[in-house]
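Here is a quick tour of one model, taken a few features at a time. Have the sequence and the coordinates open as you read.

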Amino acid sequence: MTSDEPFLPILPAAASDRRGFLGRAAATTVGAALLGGVQPAFPASATASTPARSRPETPVRTRSGLVTGVRAALPGVTVYKGIPFAASTAGKNRWRPPQPAPSWKGVRRADTWGPACPQPTTDTPAWAELPEFSEDCLNLNIWTGASSSRERRPVVVWVYGGARTAMWTQQPVYDGSYLASKGLVFVTFNHRVGAFGNLAHPELSAESGHGASGNWGAMDTVAALEWVRRNIGAFGGDPDRVTLAGWSHGSSLVNILMISRLARGLYQRAVLCAGVQYPKDPVLGRVAGGYKTLDVAEANGLAFQEFTGAGSLAGLRALSADEIVAGSNAAGAPATGGNTLDGYVLPSTYGAAMTSGAEIDVPVLTGNNKDENGASPSLSMTVTQYREFATTTFGDGAEEFLALYPAATDAEAVTSYNDYARDEERVSTFLWGTLFKETAGNRSPVWNYWWSHVPPGADTGNPIMTRGDAATLGAYHGAEMYYLFGNLKGAGRPWTAKDHTLADLTTTYLADFAATGNPNGHGRGAPLTWPALRPGKPQTMELGDRFGPVPAAGSEVKYAFLRDYLESQTKEY
C-alpha cells in the first residue's frame, strides 16, 4: 500500500490490496499431512533459551537514567515500556531531526506504553483500544529474557507498518514476549507518521543544512537504532548483532536505510516483510516502497500549507497536532505521506544504489504473501477485463502473456490473473536479490520467502490486521506476522495445532537469522533447510502450507517472460 491510501489492484474488480497473541510456546507436534508431508523437528535452541528467572524490579542503567520493567506475558521475560529515545517533536522540533532524549533522576518505572504519534483514527475500528496520542511520542519498548547485562543476545528492532492509521506499537500482534523467550532481545518503537513523518517543504529543506526534507520517520528510525547501539547492552543485548526488521511501510524504511549513510554500522542484518521489488517493477509506483521526488514532495508541502490556510511554515508549526491530523485527512487534501527521494536520507534511487555499490552488504531475509500484489481468493474478473489488463500492461507482448496465462471464461480469467500476480511478485523479489548479489557485488546472503498459509477466521484484536474473514482474503498482506512473532493470542482467531506449529517453526527461522545471519542457524535450529538465493536459479522458500523451495514462476517460460518484461521497463526507482 502507499503511505496515503491502500493499493487497489489495477483492475477495478480486484479485491485484494498489495501491502496495505501474546504467544505461548508452540511445541505441539503435528502429523506430516499438516505441513505438506513434512514432519518438523524441534531443536533445543527453539525452547530452552529462557533464563531461570528475570528480575524486572532490578534497575537497568541507560544513558538517560535508571529504568525498571515489568513481567511480560511469558515466564522469564521482562518488558520495558515507553522508554524515550528522543525528545518531544512538538513546537520547534516539529519537522526537524529527532533531538536527544531528556534524562531523568531516580528510577523510571517502564510499565506503561508510551504515547503514539499523532494520526487519524477515522479508519480505526470502533472496537479498537486507542493509545494516547502526543507529539512527545518517540519512545520504545524492550522485551528480554537475559538474566544480566553480561549476556550478549541477538537484537531485533522492529518497524511497524500501516498507512494513515493504526500505526503504534502496543497492538498485541507486536508483543515481543515469544521471541524474547527464544533468546532474542526484541525492540519496538513509535516513529512519526503521515504528515508529521513525511511532510516536505522548501523552507524545511533550506533550514536542514543539507537541502532536503520529508523523511522524518526514517530519521526517527535512525535515532532508535542509535539509542539501541548505546544502551541495549544493559538489557543483555549485543549491539554488534542487531537486525533491523519491518513490514510494509516499515519494510520501506528498512529498504531506505539499507542505502542511507545515516544508518551505517547501526545494524548487521535486515528483514523486509512485504519487502523489496526489482527497481524497474511498475508496482513500486503504488506501494510503500515507492517514493516521491523532492520537488514533488515540496510542492505537496506548499499545497498543504495553502489547504490549511497556514500561510507559511511558521503557520504550519503553529497549528495544533489535531489540526494537522484533520487537515491531512480531509477530503481533497494534498498528499503529505510517503517517502521522499531527498538526496540525504534516501541519497539515490534503488537502482542507482545497486549500480554504485551503495547498498549495504548485510544478510537479508525478505519475502511476500500469496494473496497480495492483486491476487485474491475472492477476486472478481471477466474475460474482457482480463484481456484489457493484458493489452494495457504488456502491449505488444499481450498475446504471449495470454498464451502463458490463458482464459476463455471468467473463472479462468480469475485463476490466470492470480497465477500471474503471484508469479510476478516472486520474480520481482528474486530479481532484486540477483541485483543485490551480482550488480551491487554483495557477499552476504539473501533469503527469500513466499508465505502461503491462511490464518483462520478474522482478527478482532489488532486494528492493523483487521482485514475481514480469511476465506475472503486468503494469505493476505501481513498474514505472516502472527507466525513471525509467535503471537496467537489477542487476535480472536480460532487457531489450530497447525498454526501453533507454524509459529514455532517461523520464529525459529527468525531467531536463528538474527543470531547468525542464516535462518538455518548453521545446523543449530531451523527445522528444514532454507536455501539462500542463487542468481541463475529462480526460486524462493515457501513458508506456510508447506516448507520448501518453489520456483519463482509457474514454469521456466513464464519466468523468462516476466523477467524480460520487468527488465524492459524504462522507469527505474
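Does Trp95 count as buried or exposed? With a relative accessibility of 1%, Trp95 is buried, since the cut-off for that label is under 20%. Keep in mind that this is a predicted model.

## Two residues with positive phi

Let's stay with Trp95 for a moment. Its phi is positive, at about 60°, although Trp95 is not a glycine. In general, most residues other than glycine have a negative phi. As for where to look, Trp95 belongs to the loop that runs between β4 (78–84) and β5 (107–109).

Asn373 is another case to look up. Here phi is about 65°, again positive and again not in a glycine. You'll find Asn373 in the loop between β13 (364–369) and α10 (383–394). Asn373 is buried too, because its relative accessible area of 8% falls under 20%.

## Strand β13 and its partners

The loop of Asn373 comes after β13, with α10 on its other side, so let's turn to that strand. How many of the six residues of β13 are buried? Six of the six are, so β13 is largely enclosed by the rest of the structure.

β13 has pairing partners to trace. One of them is β10 (residues 269–273), which pairs with β13 in the parallel sense over four bridges. To find the register, look for Val271, which stands opposite Leu365 in β13. Cys273, within the residue range of β10, is buried at 1% relative accessibility.

Another partner is β14 (residues 446–451). Its pairing with β13 is parallel as well, and runs over six bridges. In this case Val364 is the residue to pick out, standing opposite Val446 in β14.

## The disulfide

Now for the cysteines. How many disulfides are there? The count comes to one, and it joins Cys117 to Cys137, with an S to S distance of 2.0 Å. That sits inside the 2.5 Å limit used to call a disulfide. The link between Cys117 and Cys137 is right-handed, with 90° about the S-S bond.

What does the pair tie together? Cys117 and Cys137 each lie in the loop between β5 and β6 (139–144), so the link connects parts that are 20 residues apart in sequence. Cys117 is buried, with 1% relative accessible area, and Cys137 counts as buried at 0%.

Methods:
Residues numbered from 1 in each chain as written. Predicted model: local features only at pLDDT ≥ 70, side-chain atom pairs only at ≥ 80, totals over all residues. Heavy atoms only, no water. Buried < 20%, exposed > 50% of the residue type's maximum accessible area, 1.4 Å probe, protein only. Pairing = 2+ DSSP bridges.
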